[in-house]
Amino acid sequence: MTVNIALSLRHEINRGFFTLRETGHGRDLKKFLIVIGGLWLLSVLGSYCNFLTLSYIVFVVLYTVPVLYEKYDDKVDAFGEKAMIELKKYYAIFEEKVLSKIPKNKKH
């Protein structure tokens, strides 16, 4: 049983490292930009408070958001759909003006 646990744990750790490596290489630009934005947001929040306060905020949010979502799921879903449409428009503009000008590396 211990060997099976160790094997499955090793598999999950290797899969996590693979995902981190793929994100770090920047092959999926959208995921790469999301990670950069998330880390930047975390650093901004971390500059205003210490780790214990940030952990408490995350704990409270993780226990509050699901309850609020269950109560107002129709409104949240409608707002989320509108937000995704707007984000897709902005991403299309960003892709047209910035990403299209970056030369692609072709592998043979």
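Helices and strands are DSSP runs, numbered from the N terminus, with at least four residues for a helix (H or I) and at least two for a strand (E).

Q: Which pattern does the protein chain follow along the sequence?
A: The structure is a predicted model. The protein chain holds 4 helices and 0 strands. Read from start to end, the pattern is therefore α-α-α-α.

Q: What radius of gyration does the protein chain have, set against a compact globule of 108 residues?
A: For a compact globule of 108 residues, a value near 13 Å would apply. The C-alpha atoms occupy a box of roughly 45 × 45 × 30 Å along the principal axes. The radius of gyration of the protein chain is 20 Å.

Q: What percentage of the 108 residues count as buried?
A: A residue counts as buried when its relative accessible area is under 20%. The accessible surface of the protein chain is about 10,300 Å², with 69% belonging to carbon and sulfur atoms. Under that cut-off, the buried portion of the 108 residues is 3%.

Q: Which element gives the largest share of the lining of the second largest pocket?
A: This pocket has a volume of about 270 Å³. Two elements, α2 (29–48) and α4 (73–97), each give two or more residues to its lining. The largest share, 5 residues, comes from α4.

Q: How many residues of the lining of the second largest pocket are charged?
A: The lining consists of Lys30, Leu33, Ile34, Met84, Leu87, Lys88, Tyr90 and Tyr91. Lys counts as charged, whereas Leu, Ile, Met and Tyr count as nonpolar. The division is 6 nonpolar, no polar and, as charged residues, 2.

Methods
Residues numbered from 1 in each chain as written. Predicted model: local features only at pLDDT ≥ 70, side-chain atom pairs only at ≥ 80, totals over all residues. Heavy atoms only, no water. 1 Å grid on protein atoms, 1.4 Å probe; cavity = no way out; pocket = protein on both sides within 12 Å on 5 of 7 lines; lining within 4 Å. Points joined across faces, edges and corners; volume = space filled by probe spheres on them. Rg over C-alpha atoms; globule rule 2.2 N^0.38 Å. Buried < 20%, exposed > 50% of the residue type's maximum accessible area, 1.4 Å probe, protein only. Areas by Shrake-Rupley, 256 points an atom, 1.4 Å probe, with all protein chains shown as cover.
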